[in-house]
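Notebook open, coffee ready. Today I'm looking up aromatic rings first, then a pocket.

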Amino acid sequence: MSRAILVTGGNGQLGTELQRCAWPAGYEVVAIDVADLDLTDTAAIAAKVAERPWAAVINGAAYTAVDKAESDVVTAWAVNAMAPAAFGEACAKAGIPLVQVSTDYVFAGDKQGAWEVDDPVAPLGVYGASKLGGELAVRTSGARHVIVRTAWVVSAHGNNFVKTMLRVGAERDTLTVVEDQHGTPTSAADLAKALATITVRLVEDEAAPTGTFHFSNAGPTTWAGFAREIFAQSAARGGASAALKGIPTSDYPTPARRPANSLLSHAAIAAAYGIQPRPWQDALSDILDELIGATKA
């Protein structure tokens with residue numbers, strides 16, 4: 001009998017990569033999206049988890065419109081906090097593990113160095129607060145669970161910073177990008193592999209580590225630094241390129257405040273699961289190979 005993994009956010013960057021992942025033999029990924037399940041309907045969530053004997057649930061769906069969340073508080077909290085609460089309750093009743101994806105936005109971003117999993121949380125806006133609410137709901141649900149915080153997710157799919165830079169870089173000679181927000185890009189494919197590793201362990205080993213972990217690719221940068229590397233690697237493939245001017249966050253006001261430092265420590269996930277993320281530049285190369293093609297000789 002196959003082990004079926006229920007994945008939410010199936011049409012998103014992470015959901016797409018979880019379906020493309022090389023899962024072990026005997027595993028089946030069933031990915032659903034908003035057309036299949038209304039995440040604001042907690043009764044529907046309970047029914048979905050109860051409809052068949054799932055081996056585990058990965059809740060990768062989220063309300064991710066960070067600025068819109070500031071004026072759409074109820075929906076953000078419904079999707080990011082109440083839905084995880086419902087999944088947690090349902091998974092606890094079914095006796096199956098829940099893997100919940102969270103965010104660097106639970107932190108204030110005012111620390112020097114990488115954030116550890118047990119550092120104090122202090123979200124700056126509705127998005128981060130609602131995601132923190134989801135974390136608390138899962139932790140107190142009684143379900144065996146792993147929460148994985150991530151940041152700056154990019155891929156060859158959907159809407160993300162890499163694809164935006166390539167599009168805008170093809171239209172303009174010079175771009176301005178924020179240079180005082182620090183973090184590490186995360187390949188959705190690499191994140192999916194990490195989540196698959198964790199989920200399989202949870203399914204097959206009752207003693208598998210639980211709790212909260214961080215995953216991003218390795219190495220610090222800024223949004224402007226990320227953009228420069230995108231264009232350098234794109235140009236090497238014959239793709240779009242543009243000159244970059246770094247600007248302070250104060251020159252690019254948004255409804256929601258962003259953490260100034262989103263660097264995430266990988267110490268916990270390395271110790272518990274042996275997961276050692278690769279450099280973000282290498283992960284970016286794979287994404288650009290898919291979007292543009294391999295580097296030209």
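**Entry 1: aromatic pairs.** I searched for ring pairs and got 9 aromatic pairs in the structure. Note to self: this is a predicted model.

I picked one pair, Phe213 and Tyr273, for a closer look. Their ring centres sit 5.7 Å apart and the planes meet at 85°; planes over 60 degrees apart count as edge-to-face, so that's what I call this pair.

Where do Phe213 and Tyr273 lie? Phe213 is in strand E10 (residues 211-214), while Tyr273 is in helix H9 (residues 267-273), so the pair ties together parts that are 60 residues apart in sequence. Buried or exposed, I wondered about Phe213 and Tyr273? Both Phe213 and Tyr273 turn out to be buried.

**Entry 2: other rings.** I also found one aromatic cluster, formed by Trp152, Phe161, Trp223, Phe226 and Trp280. Then I checked Trp54: Arg52 lies over the face of its ring, 4.7 Å from the ring centre.

**Entry 3: a pocket.** Next I went for empty space. Rolling a probe the size of a water molecule over the atoms shows where such space is left.

I chose the second largest pocket, which holds about 200 Å³ of space. Its lining has 15 residues, and Glu17, Arg20, Ala189, Lys193 and Glu290 lie nearest the pocket's centre.

Which helices each supply at least two residues of that lining? I wrote down helix H1 (13-20), helix H7 (188-204) and helix H10 (280-291). H10 gives the largest share, with 4 residues. Sorting the lining by type, I got 6 nonpolar, 2 polar and 7 charged residues.

How values were computed. Residues numbered from 1 in each chain as written. Predicted model: local features only at pLDDT ≥ 70, side-chain atom pairs only at ≥ 80, totals over all residues. Heavy atoms only, no water. Phe/Tyr/Trp six-rings, centres within 6.5 Å; stacked < 30°, edge-to-face > 60°. Buried < 20%, exposed > 50% of the residue type's maximum accessible area, 1.4 Å probe, protein only. Lys NZ or Arg CZ within 6 Å of the ring centre and 35° of its normal. 1 Å grid on protein atoms, 1.4 Å probe; cavity = no way out; pocket = protein on both sides within 12 Å on 5 of 7 lines; lining within 4 Å. Points joined across faces, edges and corners; volume = space filled by probe spheres on them. Nonpolar A, V, L, I, M, F, W, Y, C, P; charged D, E, K, R; others polar.
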